[in-house]
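Reader: I've got a protein model on my screen and I'm not sure how to read it. Could you walk me through it?

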Amino acid sequence: MAKAKKAENNSKPRPKLGFMNMLFVLAGADLVLFFAPGMGLGYSMAPIDDRMAWTMLAIGILLLVVGLRGIFRKR
């Protein structure tokens with residue numbers, strides 16, 4: 001009688017989340033939601049200058065891109 005083959009472990013290693021990249025994503029999302037020109041949460045509290053709103057929106061999008069680019073690392 002032949003022996004059964006041993007089950008091989010072919011699973012891929014789980015990706016590891018980068019803590020700083022996760023913080024960049026959260027901070028970028030907060031900036032985008034707060035300073036979106038004309039509809040952000042900042043406009044409901046106090047009027048915000050358009051130049052400041054567009055600048056903070058661009059910084060928020062930049063933080064999102066940087067954070068999402070390297071959020072998953074291999075072990």
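Reader: Let's start with Ala-58: is Ala-58 buried or exposed, or does it count as partly exposed?

Author: The idea is to look at relative accessible area, where under 20% is buried, over 50% is exposed, and anything in between is partly exposed. Ala-58 comes out at 45% relative accessibility, so it counts as partly exposed. Keep in mind that this is a predicted model.

Reader: Where does Ala-58 sit, and how far is its C-alpha atom from that of Leu-31?

Author: Ala-58 belongs to helix H3. Its C-alpha atom and that of Leu-31 are separated by 9.0 Å, although the two residues are 27 apart along the chain. Ile-61 is also found in helix H3. From Ile-61 to Ala-27 the C-alpha distance is 9.8 Å, with their positions 34 residues apart in sequence. As for accessibility, Ile-61 has a relative accessible area of 43%, so it is partly exposed.

Reader: How do I describe the way two helices pack?

Author: Two packed helices are described by the angle between their axes and by the distance between those axes. Here, H1 (residues 19–35) and H3 (residues 50–69) pack at an angle of about 155 degrees, and their axes are 7 Å apart. That angle makes H1 roughly antiparallel to H3. The crossing of H1 past H3 is left-handed.

Reader: Which residues make the contact between H1 and H3?

Author: On the H1 side they include Phe-24, Val-25, Ala-27, Leu-31 and Phe-35. On the H3 side, Met-52, Ala-53, Met-56, Leu-57, Ile-61 and Leu-64 are among them. Sorting the whole set by type gives 17 nonpolar, four polar and no charged residues.

Reader: Asn-21 is part of that contact too. Is Asn-21 buried or exposed?

Author: Asn-21, which is found in helix H1, has a relative accessible area of 18%, so it is buried. Leaving aside neighbours within four places in sequence, Asn-21 is in contact with Val-66, Gly-67, Gly-70 and Ile-71.

Reader: What about the loop between H1 and H2, where Ala-36 has its place?

Author: Try the same check there. Ala-36 has a relative accessible area of 15%, so it is buried. Once the neighbours within four places in sequence are set aside, Ala-36 is in contact with Leu-31, Tyr-43 and Leu-57. You can also trace a distance from here: the C-alpha atoms of Ala-36 and Met-56 are separated by 8.3 Å, with the residues 20 apart along the chain.

Reader: Tyr-43 turned up in that list. Where does Tyr-43 lie, and what does it touch?

Author: Tyr-43 lies in helix H2 (residues 41–45). Besides its neighbours within four places in sequence, Tyr-43 is in contact with Ala-36, Pro-37, Gly-38, Ile-48, Asp-50 and Ala-53. For Ala-53, ten residues away along the chain, the C-alpha separation from Tyr-43 is 9.5 Å. With a relative accessible area of 25%, Tyr-43 is partly exposed.

Reader: Now zoom out for me. How many helices and strands are there in the protein?

Author: The protein has three helices and two strands. Reading from the N terminus, the elements run β-α-α-α-β.

Reader: How many residues are in the protein, and what percentage of them is buried?

Author: There are 75 residues, and buried ones make up 20% of them. The accessible surface comes to about 6600 Å², and 67% of that belongs to carbon and sulfur atoms.

Reader: And what about contacts between residues far apart in sequence?

Author: Take the contacts between residues at least 6 apart in sequence: 66% of them join residues at least 24 apart.

Key. Residues are numbered from 1 along each chain as its sequence is written. This is a predicted model: local features need pLDDT of at least 70, side-chain atom pairs count only at pLDDT 80 or more; totals for chains, interfaces and linings use all residues. Side-chain values use heavy atoms; hydrogens and water are left out. Axes are lines fitted to C-alpha atoms, for helices over the stretch in contact, and angles run from 0 to 180 degrees between N-to-C directions. Helices (H or I, at least four residues) and strands (E, at least two) are DSSP runs, numbered from the N terminus. Angles under 35 degrees count as roughly parallel, over 145 as roughly antiparallel, 65 to 115 as roughly perpendicular and the rest as oblique. A crossing is left-handed if the near helix is turned anticlockwise from the far one by less than a right angle, and right-handed if clockwise. Contact means heavy atoms within 4.5 Å. Ala, Val, Leu, Ile, Met, Phe, Trp, Tyr, Cys and Pro count as nonpolar, Asp, Glu, Lys and Arg as charged, and the others, Gly among them, as polar. Buried means under 20% relative accessible area, exposed over 50%, partly exposed in between (1.4 Å probe, protein chains only). Accessible areas come from the Shrake-Rupley method with a 1.4 Å probe; for residues, only the protein chains shown count as cover.
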